[in-house]
Amino acid sequence: MSAKAISTELDELAASSFLRASLRKEVRLFALVAPLLVFLSLIFVIPIGWMLLRGIEDPEVSAALPNTANLIQRWDGAGLPSEEVIAALAIDIKHAATDRTLGQAGMRLNYAIPGFQSLLMKTAEKLPESQPGGALVALSEIDQRWTENRYWLAIRDAANKYSLFYFNSAFGLSKQGPAGDGQGFYLDVLFRTLWMTLVVTTGCVVLGYPLAYFLATISPAWRNILILFVLLPFWTSLLVRTVAWFVLLQKHGVVNDVGIYLGLWSKPLDLIYNRFSVYVAMTHVMLPFMVLPLYSVMLKIPKTYMNAAATLGAPPFRAFREVYLPLSFPGLGAGILLVFIVSLGFYITPALLGGPADQMLSYYIAQNASNLGNVGLAAALSVLLLAIVGVVIFVCGRLGLIANRREA
Amino acid sequence: MINMSEKLYVAVTAMGLLAGATAAAKAEDLTIASYGGATEDAYRKEWYEPFTKATGINILTDAFTGDVGKVRAMSTTGTYNWQLADSESVIAAIGCQQDFLERFDLSRLKLTKDDFVPGSLLDCGIPDVIYSVNFAYDTNQVAEPGPKSWADFWNVEKWPGKRAMRKSPNGTLEFALLADGVPMGKVYEVLGTPEGVDRAFASLSKLKPNIVWWETGAQSIQLLADKEVAMTVGWNGRLYGAAHTEGQKQIKTVWNQFRWETSMWIMPKGAPNADAAYEFLKFSSQPEVNAAITKHLTYSPAIAAAEKYIKPELRSELPTSSENIKNGFPMDVQFWADHQDDLTQRFNYWVAQQ
């Protein structure tokens, strides 16, 4: 064997053992993160996928009234459907009432036209076994509403197993449902949620930036004491802080009592159940999320840079604007992102301190999911909220506001 | 200074205790959910404890929040937090239509429809008490002669001060129509038409700048006690309790144009240990036991024969007593089962408008 051949063989050996080693390393690394991956997929990916599905699932009518659902899709939507469809409904209603699935279909149709639920129940109860005059006559003798086009349209709209019904309701686009007022309601709520989040984020920047700067520049002995004042609220439960604001701001609360005692104002001010109290409490709750990332970035900015700028003739504001501010961007970006995303999903603070016009999207998600039991609409609204968070992260990423990129 | 191992020990012991506490719920126990507060205290004293004494079946309690979605989820997922809940009748009606509540077998209770106050029994709801939604005012803030009707409640010129109302269309829109001059017997007929709904909201809009909204019964009393408002809409038992047992003597309940409704036991479909639940229903439906609740609460017993066990001096405070009932109107369960969703959505929209 020539020396060259040996060396090639050795090279190959080394290469393959290197490959094996790196594969082993990757497997080990994967094994380390595997629990996290399992955890994430169990509590995050699967529920979100399920939620997405619930937003577009529309199974009740096709399950309870299968023949009608099948036949009515061929109807053009004008006037009334053919006698064949109506007869199918009459049969389906009887079956569904026996199987007790009629209520599920009723629930879904009631979202489209209020009162549809009891119309179905009443029809099931009174429908005769034989209908000599035909199904339409039999139905309209029970209730005249069966001769109205919109009730049949509602059934047709609900006949598919999957539909955008709940998304349409969320966007106020549903063709049916309560006419006039209330149609675009969730869009209003969406804009309100975005606006309130924006105000809170701005408030956190305005209050948090100088505070973080102050903390980063004072002597370490003071710093450790003062940082505690940022961390203590951070460690305190959100609910406790919200209730504390409740105690402070209520009509005969601490602020009003002290203000009246000192003669600053004579009648109790309306400090609670409005936008003001929500902004105050939310900004307070979110402030550490702004201060901490800013502070950690600012600590790393060498003081000499500002001195250098001054030496080169920059007045303090210009030195700040052109040197310090850009260097603090990663912290600012992280802070804005954190505050914005967490604030978007706020629920308890507006619920306790706000009035009816100050509730955010999560309030209506909860109301639909648990109070009204309209899971489909709740899912559609949740998807909406999730989509906004996605957009925000994407935009921030493109703007270079996400810390890692800037530092790289 | 506690060292680390001591801390760990404390934490582990605490966790063990917690686990022990939850493990104490045995299979044969009965869990009953209610809205809590003074109501639950009274139920415990007059129904739960005597029942345990009589049968040996232990009763655990849970909070009920009136959330349809949660009750439905119990029977669809098969995870039951409780077997019985003391619920609003609307949920009993919706739950029967959508088949997530148990249809009670009256023969197992040895009862018939006629044993209950007329019109109160539902297939999925065994009535326990009848309560009402009234308004009350603070006599320290409101000059006598005080308001007598919903038109007066709406009249902020004559009786200034804020009004507290429940943040729900249910038990709000009716009063808005009454304030606008609709007679009690016609309320649901009018509210069943689109024009009637518009009319109710228009009437409510007139009072809107003066309304503070509450979401729990405790808040309704708190708002009045804290003088945040001069008048509040509230449940008659809560209002009576605040005035007579919690020392808020200034609270005066108005027994005119009030809405009465039935509170009933519901059981999620497929709940385990249904036998114990039936035992409890049988026990608490005995006229004398059912009436005992009036010792603590001013809710009318829902068992017709319980009437004779009520102290005469309490009658003026009960919604279905002969002197009061002619001045009130019953809630229309079917109307709200149909319109809970759309009117809540419309109400949400309206309430958020400035």
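Reader: How many salt bridges does the count come to over all chains?
Author: The count comes to 25 over all chains, where a salt bridge is a side-chain nitrogen of Lys or Arg within 4 Å of a carboxyl oxygen of Asp or Glu. Keep in mind that this is a predicted model, where local features need pLDDT of at least 70 and side-chain atom pairs count only at pLDDT 80 or more, while totals for chains, interfaces and linings use all residues. Residues are numbered from 1 along each chain as its sequence is written, chains are lettered from A and ligands numbered from 1 in the order in which they are written, and side-chain values use heavy atoms, with hydrogens and water left out.

Reader: What makes A:R275 and A:D358 a salt bridge?
Author: Their side chains come to 2.8 Å, N to O, and the cut-off is 4 Å. A:R275 sits in helix α14 (residues 275–299) of chain A and A:D358 in the loop between α17 (348–353) and α18 (361–371) of chain A, so the pair ties together parts 83 residues apart in sequence. Helices here are DSSP runs of H or I with at least four residues, strands are runs of E with at least two, and both are numbered from the N terminus.

Reader: Why is A:D358 called buried or exposed?
Author: Buried means under 20% relative accessible area, exposed over 50%, and partly exposed in between (1.4 Å probe, protein chains only). A:D358 has 5%, so A:D358 counts as buried. A:R275, at 22%, is therefore partly exposed.

Reader: And why do B:E215 and B:K167 pass as a salt bridge?
Author: Their closest N and O atoms are 3.6 Å apart, again within 4 Å. B:E215 is in the loop between β6 (211–214) and α10 (217–225) of chain B, and B:K167 in the loop between β5 (163–166) and α7 (173–179) of chain B, so this pair ties together parts 48 residues apart in sequence. B:K167 has 16% relative accessibility, so B:K167 is buried, while B:E215 has 41% and is partly exposed.

Reader: How do you know that the span of helix α12 of chain A agrees with what it should be?
Author: The expected span is 1.5 Å times one less than the number of residues. With 12 residues (238–249), α12 should span 16 Å, and its end C-alpha atoms are 17 Å apart, which agrees.

Reader: Which residues of α12(A) are buried, and why do they line one face?
Author: They are A:R241, A:T242, A:W245 and A:L249. Seen down the axis, the buried residues fall within an arc of 100°, so they line one face of α12(A); the arc is that of the directions from the helix axis to the C-beta atoms.
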